[in-house]
Every structure is written in structure tokens, then in C-alpha cells.
Amino acid sequence: MPLPIVAIVGRPNVGKSTLFNRLVGKRLALVDDRPGVTRDRREGDASLLGLEFRVIDTAGFEDEDPQTLPGRMRKQTEAAVRDADVAVFLIDAREGLTPLDEEIGRWLRVETTPVIVVANKAESRAGESGILEAFRLGLGEPIGISAEHGEGIVDLFDALRPLVEHERFEADDDEAGEHPLKLAIVGRPNAGKSTLVNQMLGEERMITGPEAGITRDSIRLDWDWPSPDGSIHRVQLVDTAGLRKRAKVDDKLERLSAFDTKRAIDHAEVVVLLLDATRGLESQDLRIADQVIEEGRALIIALNKWDVAEHASSLFNGVKAALVEGLSQIRDVTLLTVSGKTGKGIDTLLKVAIELREAWSRRVPTGELNRWFESAIEANPPPAPKGQRIKLRYITQVTSRPPTFVVFGNRTEELPESYRRYLLNAMRRDLGLGAIPLRLEFRGRANPFDRQRS
């Protein structure tokens with residue numbers, strides 16, 4: 001299998017060749033203080049803390065006529081990014097954002113290649129403001145490094161790893177078509193998880209029975225779901241061990257099973273929390289749901305054994321009301337009814353899971369996001385504690401899966417939690433993000449004298 005490709009891009013003289021040499025472990029690329037030393041694409045095999053990929057050093061991106069030498073160099077850079085699996089966009093942290101950096105950022109935002117923003121030359125305090133400025137690019141959270149001294153390389157590894165490993169792991173999936181939905185089924189023991197999985201697959205794949213705790217390992221199963229509209233959707237189903245209250249778990253094997261279930265949640269895109277309709281909602285169910293939300297996974301709560309549930313209407317409304325009270329992090333969390341025995345409700349469950357994954361993976365365009373932000377602040381301005389106004393300047397989405405946003409302003413640490421909830425609820429409603437976990441952070445301007453005072 002060919003190695004994933006990482007292209008380093010940026011304007012001239014930001015340290016692209018220095019980073020290239022650092023990654024390949026050799027001085028393959030010429031390095032000089034003069035801009036424009038690199039003209040052709042240079043490639044090398046990189047190994048970063050055991051992560052292997054092909055890295056491309058590109059020419060400095062310049063705004064020139066396409067017929068000139070710099071213009072032809074720019075075309076080479078554009079081609080390199082389109083051929084790459086990941087683009088590392090390098091800026092100079094000491095100089096901060098320049099108009100050319102912003103132009104490159106606009107170009108990269110319309111490309112389909114994933115982008116990691118890296119602020120080079122950040123080894124001193126002088127680079128702090130440049131790192132914060134890089135948030136304005138709307139391409140995610142910037143990473144501060146020093147390519148020359150090797151500082152911040154671990155952070156770069158952490159950012160590259162999920163993208164590079166994903167490219168290798170999913171290469172066969174991409175060739176075959178749609179990326180499979182990663183769907184984990186979790187819940188208390190004996191909620192009917194394995195029975196539901198067997199019904200989905202149409203075969204007795206998992207051992208089932210009246211005894212609680214039959215499933216010990218998280219079992220991954222590849223499945224093609226034939227939807228009612230005739231299309232086929234690829235699904236990676238994960239059946240997990242039942243989760244009991246921690247205080248009741250004293251067996252080492254059960255502790256390992258619980259850890260395995262947590263790992264399955266970490267790797268899932270959508271998690272179905274299965275409840276036993278004959279027992280209703282219990283406190284352990286809320287703890288499991290809270291764990292799923294904390295991990296940032298899209299959540300569906302499904303009432304199983306609905307075919308034998310008594311007083312169905314009042315049961316459903318009671319569970320829904322309890323969820324509103326017990327899961328304040330997400331309003332209107334999806335609640336469905338299914339039967340692992342008869343198969344009723346499974347098609348609806350899968351349809352909703354696919355819709356939630358789309359919202360969970362969504363990246364809101366920067367223009368749309370900031371227009372929404374301005375209208376939300378105008379409709380409900382931030383409070384003014386002690387008569388001093390809190391100024392919120394702009395918002396950017398730093399990542400998706402789950403959608404994560406950062407708001408910049410001054411005195412943001414004084415914003416009450418109620419205002420944060422207002423923004424999150426308005427975002428779900430106005431931007432069509434629905435009942436998925438959202439992360440919203442607030443950051444103020446860096447004060448270069450803070451460290452001197454401490």
C-alpha cells in the first residue's frame with residue numbers, strides 16, 4: 001500500500017524546507033534565508049515518532065501571473081496539495097498573518113484536502129500573538145513549532161496521526177466507495193444488544209440468552225444495510241459488553257470488558273444507547289449517555305423490547321421528560337423505539353444514525369458562521385458585569401467530528417454559563433446541527449506581560 005502523502009505549503013521563507021528536512025531526517029532540501037530557494041516539488045520518506053508518510057516540500061506560494069516562473073511554481077504547489085492526503089500550511093509565528101497567508105487560507109478552505117495550520121518559529125514569546133492570529137484562517141487550531149530546533153514536533157505528530165492513519169486504514173474503503181458508518185451499540189447488561197445486532201445481520205452471529213453479561217469483548221462486524229429506498233449503506237457494527245455501575249464491578253474480566261466498551265465508544269461515530277423498555281430509564285443509563293456525550297460522539301437512545309412494553313405512550317413520554325432533565329448538555333436527544341426480536345424500528349434507527357453522522361462531521365463555512373454569530377449577539381448581547389461590557393469579536397470552527405468552535409473576545413472568562421448555553425442552543429437551531437455534541441471555547445487576547453507579572 002503506498003504511503004500517505006503530506007504536502008507542506010506556505011508563502012516564501014516561512015521554513016518549509018527546514019521542516020521538510022526535520023521530517024525526513026536529512027538535509028535533502030536547500031535552506032537559506034533568501035525566499036524562493038525551493039522551486040520544484042521535492043519528495044522524501046518521513047518517519048515521525050513511528051508514523052510513516054511521504055512528505056512533499058513545495059515552492060513558496062506567490063500571487064503572480066501564471067505565465068511567470070513564480071506563477072508556474074504556484075501551479076506546482078496547487079497540484080501537490082490536490083494529490084496529497086494532508087496539507088501542512090506553514091506560517092511564520094513571529095511575523096503573524098500576512099495578506100498572502102490569508103489568500104492561501106482562502107484557497108485551502110475550498111480544497112478538499114484536510115489542512116493542519118502550523119505556526120513555525122514559535123520558540124520564543126514573540127510567536128504567541130502569531131499563533132492566536134492564525135485562528136482567523138478558519139482552518140482549525142494552529143500548532144506552534146520550531147522546525148529548526150525540533151520543538152512542538154510531538155504536537156504535530158498528534159495532529160497528523162489521525163489523518164495519516166485514517167488514510168492508510170481507509171484506503172480500501174475509499175476505493176470501494178462510501179466510508180462505513182461506525183456504529184456502536186452500548187447499554188446495561190441484558191438490554192438486548194446482541195439480539196438487536198443479530199436481527200440487523202439476519203443471522204445468529206452473537207450468542208444471546210437470558211443471562212446477563214454473555215458478551216465480554218467488543219465485537220466489530222462489517223454489514224451492508226439495504227435501506228428502504230434501495231440504496232446500500234456500509235456499516236461497521238460494534239456489539240459491546242454491558243456496563244454496570246462501577247461500584248458493582250469487582251471482577252477483573254468485567255473491568256477489562258468495561259474498558260473495551262469505552263474504547264469502542266472512542267472509535268465510534270454514532271453510539272446507540274439501548275434501554276430495556278420493560279425496565280425504563282435508570283441512573284446507570286444516564287451515566288453511560290453522559291460518557292458518550294463527553295467523548296463527543298453522536299448519541300441515539302433506543303428503547304428496546306418495544307414489542308412487549310406496557311403502557312407504551314406514557315413510558316415513552318416519561319423517558320423523554322427524564323432525558324430533558326438528566327441530559328442538560330444536549331436538548332432533544334434522539335429517542336427511538338426498536339425491537340431486537342421483531343426488527344421493528346431498525347430501518348429508522350439506521351436512517352437517523354446516518355443523518356446524525358452527517359451533522360457531526362459538518363464544517364460550517366466561515367462566512368455563514370460569522371453572519372450567524374453577529375445576528376446571535378445582536379439578538380442577545382453579552383452581559384456587562386459591573387457595568388463593563390464583554391466584547392465578543394469573532395468565531396471560528398477549529399475542527400469537526402464533533403464540531404468544535406472558538407470564540408475570541410475580551411473578558412471572555414467573565415461570561416456566565418447561561419450565555420454559553422444560549423450560543424450552543426442557537427447554533428444547533430440556526431445552523432441545522434441538531435442534537436449532537438458541540439464544543440465551544442472562549443479565548444481572550446494574549447497579554448505579553450502576564451508571564452512577567454507571575
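A helix here is a DSSP run of H or I with at least four residues, and helices are numbered from the N terminus. The structure is a predicted model. The protein has 14 helices and 15 strands. This briefing covers the overall figures, one open sheet, the region around helix α13, and selected salt bridges.

**Overall figures**

- The protein has 454 residues, and buried residues make up 48% of them.
- Its accessible surface comes to about 22500 Å², and carbon and sulfur atoms account for 47% of that surface.
- Of the contacts between residues at least 6 apart in sequence, 69% join residues that are at least 24 apart.
- The structure holds 19 salt bridges.

**The six-stranded sheet**

- Six strands make up an open sheet with mixed pairing, and their order is β2-β3-β1-β4-β5-β6.
- The edges are taken by β2 (42-48) and β6 (143-144); each has a single partner strand, so one side of each lacks a neighbour in the sheet.
- The edge strand β2 pairs with β3 (residues 51-57) in the antiparallel sense, over seven bridges.
- Within this part of the sheet, Ser47 stands opposite Glu52 in β3.

**Strands β13, β14 and β15**

- β13 and β14 run antiparallel and are joined by seven bridges.
- One residue pairing between them puts Ile395 opposite its bridge partner Val407 in β14.
- The two strands β13 and β14 form a hairpin, with four residues between them.
- Arg401 lies in the turn of that hairpin and has a positive phi of about 60°.
- On the other pairing of β14, six bridges link this strand to β15 in the parallel sense.
- The chain passes from β14 through α13 to β15, making a right-handed β-α-β crossover.
- Val406 has Glu441, in β15, as its bridge partner.
- β14 is mostly covered, with six of its seven residues buried.

**Helix α13**

- α13 spans residues 417-430, which is 14 residues.
- From the first C-alpha to the last, α13 reaches 20 Å, close to the 20 Å expected at 1.5 Å a residue.
- The buried residues of α13 are Tyr419, Leu423, Leu424, Ala426, Met427 and Arg428.
- Their cover includes helix α12 (366-379) and the strands β13 (391-399), β14 (404-410) and β15 (439-444).
- After α13 comes Gly432, which has a positive phi near 70°.

**Asn370 in helix α12**

- Asn370 is found in α12, one of the elements that cover the buried residues of α13.
- The relative accessible area of Asn370 is 18%, so this residue counts as buried, the cut-off being under 20%.
- Leaving aside neighbours within four places in sequence, Asn370 is in contact with Tyr394 and Ile395.
- Of these two contacts, Ile395 is also the residue whose bridge partner in β14 is Val407.

**Salt bridges**

- Lys351 and Glu355 meet through their side chains in a salt bridge, at 2.8 Å from N to O.
- Both residues belong to helix α11 (residues 346-360); because they are four residues apart there, about one helical turn separates them.
- Lys351 is partly exposed at 48% relative accessibility, and Glu355 is partly exposed at 39%.
- Arg362 forms a salt bridge with Glu368, and their closest N and O atoms are 3.4 Å apart.
- Arg362 is partly exposed at 25% relative accessibility, and Glu368 is partly exposed at 27%.
- A further salt bridge joins the side chains of Glu414 and Arg411, at 2.7 Å from N to O.
- In this pair Glu414 is partly exposed, with a relative accessible area of 36%, whereas Arg411 is buried at 18%.
- Arg188, Arg279, Glu282 and Asp285 are joined into one network by salt bridges that share partners.

Technical notes:
Residues numbered from 1 in each chain as written. Predicted model: local features only at pLDDT ≥ 70, side-chain atom pairs only at ≥ 80, totals over all residues. Heavy atoms only, no water. Expected span 1.5 Å × (residues − 1). Buried < 20%, exposed > 50% of the residue type's maximum accessible area, 1.4 Å probe, protein only. Contact = heavy atoms within 4.5 Å. Pairing = 2+ DSSP bridges. Right-handed = clockwise from strand over helix to strand, strands pointing away. Salt bridge = Lys/Arg side-chain N within 4 Å of Asp/Glu carboxyl O. Areas by Shrake-Rupley, 256 points an atom, 1.4 Å probe, with all protein chains shown as cover.
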